[in-house]
Each structure stands twice: as structure tokens, then as C-alpha cells.
Amino acid sequence: MSSFNKEQEQAIMTRGKTILVSAPAGSGKTRILVERMRRLIEEDRYEIDNFLVLTFTDAAGKEMKQRLSLQLHEDLADSSIDDDTKTHIERQLLKLPQSYMTTFDSFCKALLEKYGYLVGVMP
């Protein structure tokens, strides 16, 4: 992980609490979040459908999915990864296209469409 600075490493490795990654454009936020998700999937056996990743643009969500897919595919080719981990990664790759990496407004719209009746908002 030598390509990450101390603060980036902390964001990647922190467990047991919610984190916020806030930084200027081009500072590596997407790279940090992709690495964090990759490690949560591989090391902590998280399921991709347990993630909620909200972005400001559709392009950012698509880019995040593409980067994570690329990284996970590269990891599958790593001979040092055990078979159980490879099987887990393969399952996550199958779920990745339907994973919740979307914009804030798309997420809110989906919530209102599904649960709006609870707060008096009809579709």
C-alpha cells in the first residue's frame, strides 16, 4: 500500500465505523474508496450488495464500478490468493453490475418510490 499516504491508508484500513472521504478533485478519492471496498470484500468477506456508495454523478458511479471490477479481476489472477477467496471474489463480480453505486438523487428517488407512502408521498 506504499502508494497511499498516511491519511489515505487510514481511510482504507479503518473498520467498525463510518468514514467520510472528502477531498478536492483529482486527489484520489475514487482510488481510496475502490481500495477500501476491495479490501472489505477480500479480507473481511463483505458482500458487494451490502455496500451503499453514493456519488454526485452517474459517471463517477460507473467509474467506481469499473475500477473495482478491474481490481477484483486482477486479484483473481493472483496465485497467492486462496480458492475460497477467489470463489468469494467471483460471486461479488457477478453481483457488481446490480450493486448500489449511484447518485444521491437516484438513491433518494428509489427510496421515495418504494417507501414514499410511509411519509405521504405517492409515486
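This is a short tour of a predicted protein model, stop by stop, with something to select at each one.

**Stop 1: the whole chain**

Start with everything shown as a cartoon. You should be able to pick out five helices and two strands. Follow the chain from its beginning and the order is α-α-β-α-α-β-α. If you drew a box around the C-alpha atoms along the principal axes, that box would be roughly 55 × 35 × 30 Å.

Now switch on the surface. About 8,200 Å² is exposed, and carbon and sulfur atoms supply 55% of that area. Of the 123 residues, 33% are buried. How much of the contact list joins residues at least 24 apart, once you count only pairs at least 6 apart in sequence? The share is 64%.

Colour by charge next. There are 17 positive and 19 negative charges, and their mean positions sit 5 Å apart.

**Stop 2: a link between two loops**

Time for some pairs. Side chains of opposite charge can pair when their charged atoms come close. A search of the whole structure turns up ten salt bridges, and we'll visit a few.

Select Asp-44 and Arg-15. Their side chains form a salt bridge, with N and O 2.5 Å apart. Asp-44 is in the loop between helix H2 (29-42) and strand E1 (52-55), while Arg-15 is in the loop between helix H1 (6-13) and H2, so this pair ties together parts that are 29 residues apart in sequence. Are these two buried, or partly exposed? Asp-44 is partly exposed at 35% relative accessibility, and Arg-15 is partly exposed too, at 28%.

**Stop 3: next door, an unusual angle**

Keep the loop between H2 and E1 in view and select Arg-45, which is found there. Check its backbone: phi is near 60°, a positive value in a residue that isn't glycine. Why point that out? Most residues other than glycine have a negative phi. Arg-45 is partly exposed, with a relative accessible area of 35%.

**Stop 4: along helix H2**

Move to helix H2 and select Arg-38 and Glu-42. Both lie in this helix, four residues apart, which is about one turn. They form a salt bridge whose closest N and O atoms are 3.0 Å apart. Buried or exposed? Arg-38 is buried, and so is Glu-42.

Now add Glu-35, Arg-39, Glu-43 and Asp-75 to your selection. Together with Arg-38 and Glu-42, these residues are linked in a network of salt bridges.

Stay in helix H2 for one more residue, Val-34. Val-34 is buried, with a relative accessible area of 7%. Which residues does Val-34 touch, leaving aside its neighbours within four places in sequence? Show Met-64, Arg-67 and Leu-68: those are its contacts. For a distance to try in your viewer, draw a line between the C-alpha atoms of Val-34 and Glu-63; these residues are 29 apart along the chain, and the line should read 9.9 Å.

**Stop 5: from loop to helix H4**

Go back to the loop between H2 and E1, this time for Glu-47, and select Lys-95 with it. Their side chains meet in a salt bridge, 2.3 Å from N to O. Glu-47 is in that loop and Lys-95 is in helix H4 (residues 83-95), so the pair ties together parts that are 48 residues apart in sequence. Glu-47 counts as partly exposed, at 22% relative accessibility. Lys-95 is also partly exposed, with a relative accessible area of 24%. Both are partly exposed rather than buried because the cut-off for buried is under 20%.

**Stop 6: a nonpolar patch**

For the last stop, select Leu-111, Leu-112, Tyr-115, Tyr-117, Leu-118, Val-119, Val-121 and Met-122, and turn the surface on again. These residues make a nonpolar surface patch of about 820 Å². Where in the fold is Tyr-115 found? Look in helix H5, which covers residues 104-115. Tyr-115 is partly exposed, with a relative accessible area of 39%.

Definitions and conventions:
Residues numbered from 1 in each chain as written. Predicted model: local features only at pLDDT ≥ 70, side-chain atom pairs only at ≥ 80, totals over all residues. Heavy atoms only, no water. Buried < 20%, exposed > 50% of the residue type's maximum accessible area, 1.4 Å probe, protein only. Contact = heavy atoms within 4.5 Å. Areas by Shrake-Rupley, 256 points an atom, 1.4 Å probe, with all protein chains shown as cover. Lys, Arg positive; Asp, Glu negative; His and termini not counted. Charge placed at Lys NZ, Arg CZ, Asp CG, Glu CD. Patch = residues over 30% accessible without salt bridge, like charges linked within 9 Å, V, L, I, M, F, W, Y side chains within 5 Å. Salt bridge = Lys/Arg side-chain N within 4 Å of Asp/Glu carboxyl O.
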